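Biologist: I am new to this structure and would love a close look at one part of it. Could you take me through the salt bridges, and then show me what else is worth finding on the way round?

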Amino acid sequence: MTNKKENLMDKIVSLAKRRGFVFPSSEIYGGLAGVYDYGYYGVEIANAIKREWWKTMVQLREDIVGLDSSIFMNPKVWEASGHVSGFSDPLTECKSCHIRLRVDHLLEDKGIFADEKMTEEEINKIFSEHKSKIGCPKCGGKNFTDVKSFNLLVKSNLGNFTGDLKKDPVYLRGETCQGIYVNYKNVLDSSRLKIPFGIAQIGKAFRNEITARQFIFRTREFEQMEMQYFVHPDQEMEEYEKLRKDRWQYYLDLGIKEENLKWKKHENLVFYAKEAYDIEYKYPFGFSELEGVHARGDYDLTQHSKFSGEDLSYTDLINNKKYIPHIIESSSGVGRTFFAILCDVYNEEEINGEKRVVMKFPKKLAPIKVAIFPLLKNKPKLVEKAREIYDLLKLDYMCEFDDNGNIGKRYRRQDEIGTPYCVTVDFDSLDDEAVTVRDRDTMKQERVGMGELVKYLEEKLN
Ligand code: GAP
């Protein structure tokens, strides 16, 4: 990792905290590892990401409908899905400082690939062979415990009055798509949809990640945006290729630079999968998964049919033939998209010998669209006019009124949160009924009549 890359990570984490994008959770109590909160600007960005996703997946598609299923589900769901028996990561503990570590990550850092399908014994064998070359990232120690599989499902005590969590624990969902699979029949029976069709959902998921690290890239509580598309087996690969194209285009439309994205093919597929690719983003620590696009065959509905006893097959209305639909999936994370966007839009420029940090958010993702300033805060007429403009514009956009400090400082502050337009009311405004509009990217200033301001911004922002 080069210094430049490390720097970008530090700069983004620090800006995110300083400017109210992302806060560590319950920080006044020392925080909670792997859990973060979105701050007052962060929640605007996260909501904008979710809005864009929903628009692409649901609003613009006749064949995809939305869903909001519960976080808690019957525990049998997680047995059927394979999560109770197989949703685990290989864990070791440093015997010196007792930090817990993911063995596949330790091996990966040394260029040794540990397949996620390997058994505990197989990984243990590889780890034993290479242990001597690996040091604990915290204390440098070289003494590790044997590898153990650590299940990532988070247990709760919901409805468990005996206090024995080994008996029938209710889990916090480990992925949102299980809520889609178990509602597939309800959606089919209550709608006029026919195969092929999709169900989309945005919601929280929870995983007991061994090492929650890299800021909001890997957290223990996170939000997923998942779409499951139900198809005839013969259509699976054709629809899969369409979905791959759509998902790539989605990130370009979101404003992410194409050179920072790449496809990664899964070489070792789980037994039921037909094909699997991840879209990776170039985070400061290297290309890593932003989204998974997978062709899952009939595994999910077959498993849920078997475990629930419900017939989840589909009857083709033309030839009356029954079959279990195959599923293709798009699964992405709000946090990872948020982080990718922060990295993508971070810019440092030198203006007259001074550093300008500017977040060049695409306008649709900027947390504040317009900032309104009176030139001086102790001139009531300027303040009154600026407030009038603020009260008008806030009906259409997230706006901010700021009368603190000199105009240059106020511009810098808005640049750091990526506000596309700043409107200043000055002494001339009182005579000519016009304001100065400053563009974030070009820094050019334009005089705009107050009567034309709404239309001017509408053209620029929409
Ligand atoms: N239903 C398939 C599924 O859940 P996954 O690759 O485990 O697949 C899908 O997760 C997406 O969810 C990832 O690409 C990532 O964007 C997000 N995600 C997964 N684990 C995460 C974590 N611990 N923290 C933040 N985002 C995570």
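**A close look at the salt bridges**

Modeller: Let's start with Lys360, which counts as partly exposed because its relative accessibility is 28%, a value between the 20% limit for buried and the 50% limit for exposed. Please keep in mind that this is a predicted model.

What does Lys360 pair with? Its partner in a salt bridge is Glu349, and the closest N and O atoms of the two are 2.8 Å apart. Lys360 sits in the loop between strand E18 (354-359) and strand E19 (370-374), while Glu349 belongs to strand E17 (residues 346-351), so this pair ties together parts that are 11 residues apart in sequence.

Now step to Arg356, which forms a salt bridge with Asp415; here the closest N and O atoms are 2.9 Å apart. Arg356 is in strand E18 and Asp415 is in helix H13 (residues 407-417), so the link ties together parts that are 59 residues apart in sequence. Are these two buried or exposed? Both Arg356 and Asp415 are buried, whereas Lys360 is partly exposed.

You can now join these pairs up on your screen. Glu349, Arg356, Lys360, Arg412, Asp415 and Arg438 are linked in a network of salt bridges. Both pairs we have just visited, Lys360 with Glu349 and Arg356 with Asp415, have their residues in that network.

How many salt bridges are there in the whole structure? A search finds 37. One more to look at is the salt bridge between Asp246 and Arg61, whose closest N and O atoms are 3.5 Å apart. This pair links distant parts of the chain, with Asp246 in helix H9 (residues 236-253) and Arg61 in the loop between helix H2 (42-59) and strand E3 (64-67), 185 residues apart. Asp246 counts as partly exposed because its relative accessibility is 38%. Arg61 is partly exposed too, with a relative accessible area of 26%.

From here, let's turn to the ligand. The ligand is surrounded by 19 residues, and the closest are Arg207, Glu209, Thr219, Glu226 and Glu289. Which parts of the chain contribute to this shell? Strand E10 (221-231), strand E13 (286-295) and strand E16 (326-333) each supply at least two of its residues. By type, the shell divides into nine charged, six polar and four nonpolar residues.

For individual contacts, try Glu209, which has a polar side-chain atom 2.8 Å from a nitrogen atom of the ligand. Glu175 also places a polar side-chain atom 2.8 Å from a ligand nitrogen atom. With Thr219 the atom to look for is a backbone N or O, which lies 2.8 Å from a nitrogen atom of the ligand. The ligand has 550 Å² of accessible area on its own, and the protein covers 90% of it.

Next come a few details of the backbone. Most peptide bonds are trans, and most residues other than glycine have a negative phi. The bond that joins Ile195 and Pro196 is cis, with omega about 5°. You will find Pro196 in the loop between helix H8 (184-190) and strand E9 (197-206).

Ser26 is not a glycine, yet its phi is positive, at about 40°. This serine is in the loop between strand E1 (22-24) and strand E2 (36-38), and it counts as partly exposed because its relative accessibility is 36%. Met443, in the loop between strand E22 (434-439) and strand E23 (445-449), has a positive phi as well, near 65°. Its relative accessible area is 25%, so Met443 is partly exposed.

To finish, let's go to the surface. Leu376, Phe427 and Leu430 make a nonpolar surface patch of about 230 Å². Leu430 lies in helix H14 (residues 427-432) and is partly exposed, with a relative accessible area of 35%. One last residue to find is Thr315 in strand E14 (residues 314-315), which counts as partly exposed at 30% relative accessibility. Its C-alpha atom is separated by 41 Å from that of Glu258, and the two residues are 57 residues apart along the chain.

Terms used: Residues are numbered from 1 along each chain as its sequence is written. This is a predicted model: local features need pLDDT of at least 70, side-chain atom pairs count only at pLDDT 80 or more; totals for chains, interfaces and linings use all residues. Side-chain values use heavy atoms; hydrogens and water are left out. A residue is near a molecule or strand if one of its heavy atoms lies within 4 Å of it. A polar contact is a pair of N or O atoms within 3.5 Å; within protein, one must be able to donate a hydrogen and the other to accept it, and residues adjacent in sequence count only if both atoms are side-chain atoms. Accessible areas come from the Shrake-Rupley method with a 1.4 Å probe; for residues, only the protein chains shown count as cover. Helices (H or I, at least four residues) and strands (E, at least two) are DSSP runs, numbered from the N terminus. Ala, Val, Leu, Ile, Met, Phe, Trp, Tyr, Cys and Pro count as nonpolar, Asp, Glu, Lys and Arg as charged, and the others, Gly among them, as polar. A salt bridge is a side-chain nitrogen of Lys or Arg within 4 Å of a carboxyl oxygen of Asp or Glu. Buried means under 20% relative accessible area, exposed over 50%, partly exposed in between (1.4 Å probe, protein chains only). Patches are made of residues with over 30% relative accessible area and no salt bridge: like charges are joined within 9 Å, nonpolar side chains (Val, Leu, Ile, Met, Phe, Trp, Tyr) within 5 Å.
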